[in-house]
Structure formats: C-alpha cells, structure tokens
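Here is a walk through one protein, from its outline down to single residues. Keep the sequence and the model side by side as you read.

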Amino acid sequence: MDADWVARFADEVIAEAERRAPGKPVVCASGLSPSGPIHLGNLREVMTPHLVADEIRRRGHECVHIISWDDFDRFRKVPAGVDPSWNEHIGKPLTTVPAPPGSAYPNWAEHFKAPMIAALAEMGVEFQGISQTEMYTSGAYREQVLLAMRERRRIDAILDQYRTKKAKAKEVLDADEAAALEGSGAAGEDDGSGAGGYYPYKPYCSFCDRDLTTVTSYDDETTALSYTCVCGHGETVLLSEHTRGKLVWKVDWPMRWAYEGVVFEPSGVDHSSPGSSFVVGGQIIREVFGGQQPIGPMYAFVGISGMAKMSSSKGGVPTPADALSIMEPALLRWLYARRRPNQSFKISFDQEIQRMYDEWDTLTRKVADGTALPADQSAYRRASSTASATLPETPRRLPYRTLASVVDIATGHEEQALRILRAFDPEIGGLDELRPRLDRARHWVNTYLPAEDRTQVRETPDKELLDTLGETERESLRLLLDGLDDHWSLDGLTTLVYGVPKVLAGLEMDAKAATPELKAAQRAFFALLYRLLVGRDTGPRLPTLLLAVGRDRIRELLDPGRTA
Ligand SMILES: [Zn+2]
C-alpha cells in the first residue's frame with residue numbers, strides 16, 4: 001500500500017544496508033554549506049534523505065541521518081550587505097571567519113547554521129550534525145588523509161580520465177567549484193592539481209590561516225609535507241600530526257561516504273552530471289577507499305515564486321525559516337513528500353500559497369473520510385508526522401485564504417477578526433484555536449501581499465460613482481441591502497450575491513442557472529460591489545468581505561439613494 005517514492009527508496013536502502021553492513025544502523029546523509037544564508041532551495045538536500053530515513057525508522061530499523069556541515073570549507077566571497085573589510089577573511093575556514101556584525105554566534109559558520117537547525121527542528125527533522133571542522137581538526141580523518149596522499153597518483157589518474165574525456169566539463173563546473181577556482185591563489189587546484197604535482201590535501205596556512213597554499217613536496221615514509229603560501233610563509237609539517245587542512249572536495253566527498261558508511265545520499269543536478277563530483281566520487285571510493293558509492297538519486301530544482309517584490313534586506317534569499325513564517329511545518333513537508341525527487345516544483349510566497357493550502361485541506365478531508373488515494377495518503381502521513389512525533393496542528397482549520405482575507409480586512413484588530421471568523425464557524429471559542437495557521441496567514445498578508453493587493457474598505461461612500469448608476473444597478477444594490485438580514489451568514493451571502501442578478505433576470509434567488517448572460521451580469525455586479533466597498537475591481541471573496549465590513553457599514557457604502 002505504501003508504494004510511493006519514499007517507500008521504494010526505503011526498500012532499496014534497507015536491502016543494500018543489510019548487504020553492505022548487516023546489523024548496523026542504516027546511514028543516510030546530506031551535506032550543507034553554511035557559507036551564507038542557507039537557501040530554501042537547499043532544503044531538498046535534507047528533505048529527500050529525511051523522508052527516506054523516517055520511513056526506515058517507521059519500519060523499526062535503526063537509521064542515522066547525518067548532516068555534514070561543510071564548515072571547514074574556505075570563505076569564498078563577502079555577500080552583499082556585509083562590511084567589505086570581511087574581504088581579508090577570504091580563503092579562511094568558515095569557522096574562523098568572524099560572524100556578521102551584531103551576530104550572537106562565535107563565527108560565520110555557526111551564524112548561518114543556527115537558523116537552519118531551528119527550521120529543521122520545527123519541521124521534525126531528526127539528524128546528527130557533523131562539523132567538518134571538528135572532524136578534520138580532531139584528526140578523525142587521519143588515516144583517510146594519509147591514504148589519499150599515498151594514493152595520490154591513482155586519484156590523479158582517475159581525475160585525469162574525466163579531465164581529458166570531459167575537458168569541456170571544466171567550463172560548466174558548478175557555481176561553487178567555479179567560485180573556488182576564481183577566488184583561489186593557486187591556479188587550477190580545485191581538484192588538487194598544481195604546478196608542483198598532484199596533492200589531494202590542502203593545508204590552511206599556519207601564519208595567515210588562508211588556503212592560498214601550494215603543496216611543494218610530500219614524503220610517504222615520514223609524512224613530511226612542505227607548502228608555501230602567497231603570504232610568503234612556507235613550512236614543512238608532518239601529516240601524521242597536522243590537522244589544519246582538508247581533502248579537496250572531489251576526494252573529500254567519497255572519503256566521507258566510506259568513513260560514515262553512507263548508503264543513501266541524493267545530490268542536486270549540478271553534482272550528478274557526467275564527470276561531476278558524484279560520478280568521479282563513485283570511482284574514487286571503489287578504487288581508493290575500498291567502499292561503495294551510496295544510492296544517490298538526483299533531485300531536481302525547487303523554485304520559489306513571489307519573492308521578486310520582497311525587500312532585499314537579506315539579499316532576497318528565501319530561507320526555510322521564511323517559508324515556515326507563512327506556512328505550517330506539515331504543509332512544507334508535504335510539498336517534498338508528494339513529489340518524486342526528480343520532479344521540480346515551486347514554493348509559493350505569492351497568492352498561489354492559498355491554492356496550495358486549499359489542496360492540503362482537501363487532502364486532509366479525504367484522508368479523514370477514507371477516500372484519499374494510497375499514494376496521497378502516504379504523502380499526508382509523511383507530512384503530518386514522523387516515526388517519533390506528530391507535527392503541530394491547528395486545532396480548528398479555516399481555509400488559509402479566509403484567514404488571510406479576514407486578517408487583511410481587520411488589520412490587527414483581534415476582536416474584529418474574531419467576530420468575522422465566527423461567521424465562518426460559530427463554534428470558535430477564541431483565536432488560539434486558529435493558531436498557528438492564523439499567525440502564518442497574518443505574516444503572509446503583512447510581509448508578502450503587495451500593498452496594491454491589500455484591502456482598504458472605503459471610509460465614505462463613493463458618491464460620484466453612486467450618482468452615475470443606472471436604474472438596474474440601483475435596483476441590484478437595493479435587493480442586496482434588503483436581503484442582508486435574512487442572509488447574514490457565509491452561505492446566505494453567497495446565495496445573495498449570486499442571486500441578485502438572477503432576480504433581476506426574472507429568476508428565483510436560488511435558481512440553478514448559469515447562462516453566459518447571467519454570468520456576465522454576476523461579474524458586473526461583483527465589480528460594482530468591489531468598487532463601492534474597496535475602491536478596486538477585485539478583492540477577497542465577496543461573502544467574506546461583506547461579513548468583514550459589517551451590515552451598518554455596508555448600508556452606508558452601498559446606499560443608492562432615492563431613485564432619480
Ligand atoms: Zn599564508
């Protein structure tokens with residue numbers, strides 16, 4: 001019954017783990033670089049293995065989800081908005097670069113890890129964070145580093161196959177690699193090659209702490225490694241003791257697969273193309289580290305819509321925390337669970353979020369009454385709970401679009417909001433029952449709804465417009481006003497606003513009719529109401545708007561006056 005993509009990967013991963021390391025916990029992995037704000041687009045790097053790991057745990061297997069923090073990587077460039085004096089730190093490990101001004105964190109990497117860790121906790125993602133700074137500087141990878149250096153010629157030869165076969169691929173290096181090349185002092189050393197020979201280990205200079213170093217010699221017997229740095233410093237260290245350096249990315253990644261025994265680690269399109277790190281890594285782990293490459297599906301790009309109009313206080317980079325400020329964790333989880341990793345999708349910060357929420361609510365109802373399709377049920381279950389926890393739920397769920405409309409109209413007046421919302425659900429005891437969804441909708445309205453789309457109920461009647469109305473329009477307004485008291489509910493007002501044009505056409509108020517003429521008359525009537533109530537041609541759904549405006553105000557704004 002659970003034949004969705006998550007279940008299928010879980011089957012495969014469990015079988016593979018039992019073959020590779022029987023009786024040991026299954027290891028799934030993700031890698032994140034805290035080189036700046038961690039983009040919402042990177043969340044798929046975590047969610048794909050999370051969902052698979054969670055399914056494995058649900059089946060009663062022990063499973064570890066590792067998140068490798070690439071915090072021992074070099075600081076590549078100073079992002080917009082940060083003091084240019086940070087330029088002096090380019091080339092240092094992210095954990096020794098000072099945090100941006102005003103930060104509560106001890107260094108650059110910790111500053112950008114923290115919000116991601118908080119977001120993952122909110123989303124119920126259980127993981128074991130591994131700091132690459134701690135691993136390298138503690139000497140945990142000592143044997144692997146020495147092995148890679150001993151096998152440097154073999155590694156160079158493997159890389160060379162791709163260099164020659166894929167000479168062109170160098171031109172399409174992923175952005176990070178390109179940035180590494182561009183910012184580096186030693187030319188062409190992204191994979192460890194340099195004028196003095198091939199060395200997969202790159203020391204940080206013990207004088208300036210930057211990686212603008214070139215290894216000039218290495219002795220396999222003594223592990224003596226000599227390097228020079230652009231700052232003028234040069235020295236010889238023993239690699240059997242040295243811990244201030246790291247393997248180059250294309251060797252580092254397969255080394256960690258072997259070290260941690262990773263069985264599942266997906267990667268983005270940029271790492272999965274021919275000649276890319278994942279492909280090369282597969283050969284390096286087999287031939288050098290004596291391990292096997294993880295099962296590693298390629299995941300597609302996750303797009304973001306509706307951020308263009310955002311102020312770029314944070315450089316316009318949407319983070320998972322931004323997404324969680326407008327949607328509940330379960331909904332965000334669902335966006336990942338429902339799509340196979342190779343399907344791209346969008347996370348919406350624009351009006352589209354309302355439709356996304358409608359779909360989620362429809363699915364919730366179908367799951368409750370047992371009519372959801374099996375794959376949809378699985379996605380719902382993965383979104384709303386994990387093996388160990390249930391994600392927080394809003395006790396009383398009103399449609400997101402309703403909450404957004406009401407918050408928009410009531411602009412911060414809690415009492416007014418509660419009064420309007422009770423028209424949707426008279427059982428509402430207090431606003432707390434509508435949280436956290438209500439708070440998410442409020443934040444969305446206040447932050448992402450463009451000013452021109454906000455609803456401003458008119459203070460005074462639009463006399464000018466009212467004076468130009470023809471007799472049919474006046475009659476339609478009178479019919480509406482006369483019907484208010486009898487229809488003062490969501491359903492009632494829906495019947496009324498659609499019904500007024502029917503009555504004018506000689507039909508019953510609740511007649512089932514949908515001729516093109518009637519539809520046109522309804523559209524014209526709605527536009528008139530919007531004009532008179534909010535001064536625009538569109539707005540929140542009319543029944544909601546009418547309830548929000550209140551009967552007295554409606555009578556004031558829509559009074560057509562005496563027949564001319
Ligand atoms: Zn130096």
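The paragraphs below go from the whole chain to its cores, its salt bridges and a few points of the backbone.

Start with the status of the model: it is predicted. The protein has 564 residues, and 51% of them count as buried. Its secondary structure comprises 23 helices and 14 strands. Measure the C-alpha trace along its principal axes, and the span is about 105 × 55 × 45 Å.

Next, look at how the chain meets itself. Take the contacts between residues at least 6 apart in sequence. Of these, 70% join residues at least 24 apart. The outside can be put in figures too. The accessible surface is about 25,200 Å². Carbon and sulfur atoms account for 50% of that surface. The protein carries 67 positive and 81 negative charges. The mean positions of the two sets lie 2 Å apart.

Now go inside. In soluble globular proteins, nonpolar side chains tend to be buried together. Here the largest nonpolar core has 107 residues. Which of them touch the most other members? They are M327, L332, Y336 and I347. Helix α21, residues 516-534, gives the most to this core: eight residues. A second core is separate and has 43 residues, including Y141, M149, Y162 and F289.

I347 deserves a closer look. Leave aside its neighbours within four places in sequence. I347 is then in contact with M327, L332 and Y336, among others. Its other partners are L40, V302, G303, I304, S305 and L335.

Charged side chains come next. The structure holds 39 salt bridges. One of them joins R244 and D209, with N and O 3.0 Å apart. This pair links distant parts of the chain, as its members are 35 residues apart. R244 sits in the loop between β9 (234-238) and β10 (245-247). D209 sits in the loop between β6 (201-203) and β7 (213-218). Are the two partners buried or exposed? R244 counts as partly exposed, because its relative accessibility is 25%. D209 counts as buried, because its relative accessible area is 17% and the cut-off for buried is under 20%.

A second salt bridge stays within one helix. R355 and E359 both lie in helix α13, residues 352-369. They are four residues apart, about one turn of the helix. Their closest N and O atoms are 2.7 Å apart. R355 is partly exposed, with a relative accessible area of 40%. E359 is also partly exposed, at 28%.

Helix α13 takes part in another salt bridge, through D361. The partner of D361 is R437, and the closest N and O atoms are 2.9 Å apart. R437 lies in helix α17, residues 437-448. The two residues are 76 apart in sequence, so this pair links distant parts of the chain. Both R437 and D361 are buried. Elsewhere, salt bridges that share partners form a network. D4, D11, E55, R59 and R382 belong to it.

The backbone has a few points to check as well. Most residues other than glycine have a negative phi, and most peptide bonds are trans. Which peptide bond here is cis? A cis bond joins R435 and P436, with omega about 5 degrees. P436 is in the loop between α16 (414-424) and α17.

Now return to D209, the partner of R244. Phi of D209 is near 65 degrees, a positive value in a residue other than glycine. T223 also has a positive phi, about 65 degrees, and is not a glycine. T223 is found in the loop between β7 and β8 (224-229). With a relative accessible area of 9%, T223 is buried.

Finish at S138, in the loop between α4 (132-137) and α5 (142-150). S138 counts as exposed, because its relative accessibility is 54% and exposed means over 50%. From S138 to P49 the sequence separation is 89 residues. In space, C-alpha to C-alpha, these two residues are 27 Å apart.

Methods:
Residues numbered from 1 in each chain as written. Predicted model: local features only at pLDDT ≥ 70, side-chain atom pairs only at ≥ 80, totals over all residues. Heavy atoms only, no water. Buried < 20%, exposed > 50% of the residue type's maximum accessible area, 1.4 Å probe, protein only. Contact = heavy atoms within 4.5 Å. Areas by Shrake-Rupley, 256 points an atom, 1.4 Å probe, with all protein chains shown as cover. Lys, Arg positive; Asp, Glu negative; His and termini not counted. Charge placed at Lys NZ, Arg CZ, Asp CG, Glu CD. Core = buried A, V, L, I, M, F, W, Y, C linked by side-chain atoms within 4.5 Å. Salt bridge = Lys/Arg side-chain N within 4 Å of Asp/Glu carboxyl O.
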